[in-house]
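Trainee: I should like a close look at a single part of this model, in one connected account. Please give the cut-off for each term as it arises.

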Amino acid sequence: MEYIVFSFWFTVIHTASYTIAGVLGLRIGKELYEQKNRLLDFLRNMSDENENKYVSKWFIPVQLLRGLLMSIVLYPILGALGELSFGLRFAFLSGLMFIYTDLASTVPFPHNLEGFIYMKDRYLKRELFGKLYFEVLIYSLLFGFLASWLLF
């Protein structure tokens with residue numbers, strides 16, 4: 001039962017944090033995600049009604065699945081996490097989300113390590129870094145804070 005409760009709240013915290021960070025990221029980086037000439041033209045165009053509907057339809061279900069999967073991986077260390085101070089839990093969980101879900105992700109993106117290796121130069125533009133990392137940092141810090149405070 002402890003694992004089910006942990007996974008439930010982990011998933012809720014992940015989905016809420018990811019949604020908030022995404023909304024803020026979209027507000028400061030519309031040129032990344034919208035219009036025909038957007039900088040991230042390999043992603044769905046959020047200004048296209050059909051593509052936006054598709055994202056809206058699948059966003060929550062996919063984030064719920066992601067949250068569940070990420071929570072299951074932590075089962076073996078739940079006890080150890082519970083013994084850490086709030087500050088160490090916050091640093092661990094924020095760092096985990098920042099590094100594993102983004103910076104060191106195996107999926108190439110313009111601001112992560114794999115992207116630096118595999119993406120074409122046209123996607124490795126300096127103006128992308130700050131806007132993309134803003135969203136990632138908001139997500140990681142918000143998730144780390146809420147999970148450290150509410151899960152243990």
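Mentor: The expected span of a helix is 1.5 Å times one less than its number of residues. The model is a predicted one, in which local features need pLDDT of at least 70 and side-chain atom pairs count only at pLDDT 80 or more, while totals for chains, interfaces and linings use all residues. Residues are numbered from 1 along each chain as its sequence is written, and side-chain values use heavy atoms, with hydrogens and water left out.

The part I have chosen is helix α5, residues 86-103 (helices are DSSP runs of H or I of at least four residues, numbered from the N terminus). Its 18 residues should span 26 Å at 1.5 Å a residue, and the end C-alpha atoms of α5 lie 24 Å apart, which agrees.

Within α5, the buried residues (under 20% relative accessible area, 1.4 Å probe, protein chains only) are R89, L93, S94, L96, M97, F98 and D102. They pack against four helices, α1, α3, α4 (78-83) and α7, where contact means heavy atoms within 4.5 Å.

Consider α7 (residues 126-150) as a partner: its axis and that of α5 come within 8 Å and cross at roughly 145° (axes are lines fitted to C-alpha atoms over the stretch in contact, with angles from 0 to 180 degrees between N-to-C directions). The crossing of α5 and α7 is right-handed, that is, the near helix is turned clockwise from the far one by less than a right angle. From α5, the contact draws on F86, R89, F90, L93, S94, M97, F98, T101, D102 and L103. On the α7 side, the residues include Y133, V136, L137, Y139, F143 and W149. By class, this contact has 15 nonpolar, five polar and two charged residues (Ala, Val, Leu, Ile, Met, Phe, Trp, Tyr, Cys and Pro are nonpolar, Asp, Glu, Lys and Arg charged, the others, Gly among them, polar).

Two further partners of the buried residues, α1 and α3, also pack on each other. Helix α1 (residues 2-28) meets helix α3 (residues 49-73) at about 130°, with axes 8 Å apart. That angle makes α1 oblique to α3 (neither under 35, over 145, nor 65 to 115 degrees). This crossing is right-handed, and its contact residues include F6, F10 and Y18 of α1 with F59, L64 and M70 of α3. They divide into nine nonpolar, eight polar and one charged.

Conventions. Helix = DSSP H or I, 4+ residues; strand = E, 2+ residues; numbered from the N terminus. Buried < 20%, exposed > 50% of the residue type's maximum accessible area, 1.4 Å probe, protein only.
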